[in-house]
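User: I would like a close look at one part of this model. Please keep it brisk and take the surroundings along.

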Amino acid sequence: MDRFSEYRVMWVMVFFDLPTETKQERKIAAKFRKDIMGDGFTMFQFSIYIRHCASAENARVHVNRVKNYLPASGKVGILCVTDKQFGSMELFFGKKEKPPEYGGMQLELF
């Protein structure tokens with residue numbers, strides 16, 4: 001199988017709904033966002049962040065890191081999908097369809 005097969009390459013999606021009513025809760029939510037962004041996640045929508053991974057093994061590494069960043073309260077979901085599945089997503093801005101904006105292909109140097 002090709003190393004860069006669209007069935008091997010993965011996207012990790014993190015969905016979250018964290019409490020932000022108090023100053024402390026806002027600080028915790030901001031730290032969670034900062035931590036996942038520090039691990040290479042980018043904002044897809046307001047509380048949805050995505051990261052491109054070269055393989056399922058690499059995706060598991062980043063899923064485990066997100067688990068280490070989890071705050072004590074709130075809801076967080078983590079979903080891994082193949083590049084093929086991610087590419088079949090339909091995005092709309094109002095009634096206009098817009099193709100997904102990919103973060104670019106991540107290159108491996110050896």
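How many bridges join β1 to β4, and do the two run parallel or antiparallel?

Analyst: Eight bridges join β1 to β4, and the two strands run antiparallel. Strands count as paired if DSSP finds at least two bridges between them. This is a predicted model, with residues numbered from 1 along each chain as its sequence is written. Local features need pLDDT of at least 70, side-chain atom pairs count only at pLDDT 80 or more, totals for chains, interfaces and linings use all residues, and side-chain values use heavy atoms, without hydrogens and water.

Stay with β1. In its pairing with β4, V14 stands opposite I78. β1 also has a second partner, β3: six bridges link them, again antiparallel. There, V12 has R51 as its bridge partner. β1 is mostly covered, with six of its eight residues buried (buried: under 20% relative accessible area; exposed: over 50%; partly exposed in between; 1.4 Å probe, protein chains only). In a regular strand, side chains alternate between the two faces of the sheet.

Now the helix that β1 helps to cover. The cover over the buried residues of α1 includes β1 (10-17), β3 (48-53), α2 (56-69) and β4 (75-82) (contact: heavy atoms within 4.5 Å). Both bridge partners named above, β3 and β4, are thus among the elements over α1.

α1 spans residues 23-38, 16 in number. From first C-alpha to last it reaches 22 Å, close to the 22 Å expected (1.5 Å times one less than the number of residues). Its buried residues are A29, F32, D35 and I36. They line one face of the helix, because seen down the axis they fall within an arc of 125° (taken from the directions from the helix axis to the C-beta atoms). On the other side, K23, K27, K34 and G38 are exposed. G40 follows α1 with a positive phi, near 100°.

Step back to the whole chain. It has three helices and six strands (DSSP runs numbered from the N terminus: H or I, at least four residues, for helices; E, at least two, for strands). Their order along the sequence is β-α-β-β-α-β-α-β-β. Of the 110 residues, 29% count as buried. Among contacts with a separation of 6 or more, 69% join residues 24 or more positions apart. The chain exposes about 7,900 Å², and carbon and sulfur atoms supply 55% of that (Shrake-Rupley method, 1.4 Å probe; for residues, only the protein chains shown count as cover).
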